[in-house]
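Please open the structure in your viewer and keep the selection tool at hand. The tour below goes from one selection to the next and says what is there.

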Amino acid sequence: MIEVMTSPTPSFVAKPTLIGKRVLLRPVTVADAPGLVELLNDPDVRRLTGTHGQVRPGVLERAEALYSAQAAEDDELYLAVVEPATGEYLGEVVLEDLDADNRSCSFRIALVGPRAFGRGYGTEATRLILAHAFEAVGIHRVGLEVFDFNPRARHVYERVGFVHEGTKRQALHWQGAWVDAHVLAVLADDWSRHGGFPASR
Ligand SMILES: CC(C)(COP(=O)(O)OP(=O)(O)OC[C@H]1O[C@@H](n2cnc3c(N)ncnc32)[C@H](O)[C@@H]1OP(=O)(O)O)[C@@H](O)C(=O)NCCC(=O)NCCS
């Protein structure tokens with residue numbers, strides 16, 4: 001058996017601040033919880049993420065508990081997307097489902113619709129966190145799923161290097177209609193080929 005030398009086991013224990021031109025990513029705090037609640041109440045975000053049901057009572061307390069626990073988590077990374085000048089919370093980016101043996105994880109992003117969609121924030125936030133995943137943490141594969149009725153998100157993902165791997169047919173039942181979910185992933189090699197963060201703007 002040939003032993004392959006690899007860098008240390010990947011972990012999300014480090015909680016970085018990542019600075020872009022349009023957005024800044026920083027570790028979430030309990031003070032961001034009202035922003036997360038706004039996100040969870042946004043009808044566009046609920047549809048595009050396929051989130052069924054109503055927001056339940058106690059959502060602020062659950063959001064506070066989730067965000068305040070993040071500092072200690074080593075298998076997931078929640079960063080707030082904020083407006084650099086004002087510090088306003090615009091949404092969250094998340095790396096989770098860390099499989100350290102296989103150096104893989106999944107990614108998701110959601111911005112607060114009315115004030116954040118379509119301004120380049122999502123593209124930059126995705127590039128910033130992928131740069132961290134590949135270049136600082138040593139992740140090999142980042143995967144996600146995107147619904148067929150969300151071409152904006154798919155466009156952003158493919159623009160930064162995600163590749164379509166397949167389709168889960170009729171994976172979501174939304175308001176009486178079946179919706180496909182597309183499986184996308186970006187590998188460390190794709191990321192390098194794409195030019196990494198600075199060259200791929
Ligand atoms: C998906 C999301 C993160 C994208 O972030 P964003 O800041 O809105 O996107 P950006 O402004 O960076 O880029 C949008 C791109 O999509 C393109 N676009 C917009 N509508 C589109 C459509 N219907 N079809 C294809 N492309 C579209 C824009 O032209 C732009 O591309 P360009 O820069 O090459 O011109 C954000 O819209 C969001 O949070 N949506 C709600 C939650 C969600 O859908 N999360 C993803 C679940 S998989």
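**A tour from the ligand outwards**

Begin by selecting the ligand together with Ile109, where a backbone N or O atom of Ile109 lies 2.9 Å from a nitrogen atom of the ligand; bear in mind throughout that this is a predicted model. Next, add Thr123, whose side chain has an N or O atom 2.6 Å from an oxygen atom of the ligand, and then His155, which places a polar side-chain atom 2.7 Å from an oxygen atom of the ligand. The protein covers 73% of the 960 Å² of accessible area that the ligand has on its own, and the ligand sits in the largest pocket.

Now widen the selection to the 22 residues that surround the ligand, with Leu111, Gly120, Thr123, Asn150 and His155 as the closest. By class, this shell holds 12 nonpolar, six polar and four charged residues. Colour β5 (104-111), α5 (121-137), β6 (141-147) and α6 (151-160), which are the elements that each give two or more residues to the shell; the largest share, seven residues, comes from α6.

From there, select β5 and β6, which pair in the parallel sense over three bridges, and look for Ser104, which stands opposite Arg141 in β6. Finally, show the whole sheet, an open one of eight strands in the order β1-β2-β3-β4-β5-β6-β8-β7 with mixed pairing. At its edges stand β1 (18-19) and β7 (163-174), each with a single partner strand, so one side of each is left without a neighbour in the sheet.

Terms used. Residues are numbered from 1 along each chain as its sequence is written. This is a predicted model: local features need pLDDT of at least 70, side-chain atom pairs count only at pLDDT 80 or more; totals for chains, interfaces and linings use all residues. Side-chain values use heavy atoms; hydrogens and water are left out. A residue is near a molecule or strand if one of its heavy atoms lies within 4 Å of it. A polar contact is a pair of N or O atoms within 3.5 Å; within protein, one must be able to donate a hydrogen and the other to accept it, and residues adjacent in sequence count only if both atoms are side-chain atoms. Accessible areas come from the Shrake-Rupley method with a 1.4 Å probe; for residues, only the protein chains shown count as cover. On a 1 Å grid over the protein atoms alone, a cavity is a set of points where a 1.4 Å probe fits but cannot get out, and a pocket is an open set with protein on both sides within 12 Å along at least five of seven lines; lining residues have an atom within 4 Å of a point. A molecule sits in a cavity or pocket if more than half of its atoms lie within 2 Å of its grid points. Helices (H or I, at least four residues) and strands (E, at least two) are DSSP runs, numbered from the N terminus. Ala, Val, Leu, Ile, Met, Phe, Trp, Tyr, Cys and Pro count as nonpolar, Asp, Glu, Lys and Arg as charged, and the others, Gly among them, as polar. Two strands pair if DSSP finds at least two bridges between them.
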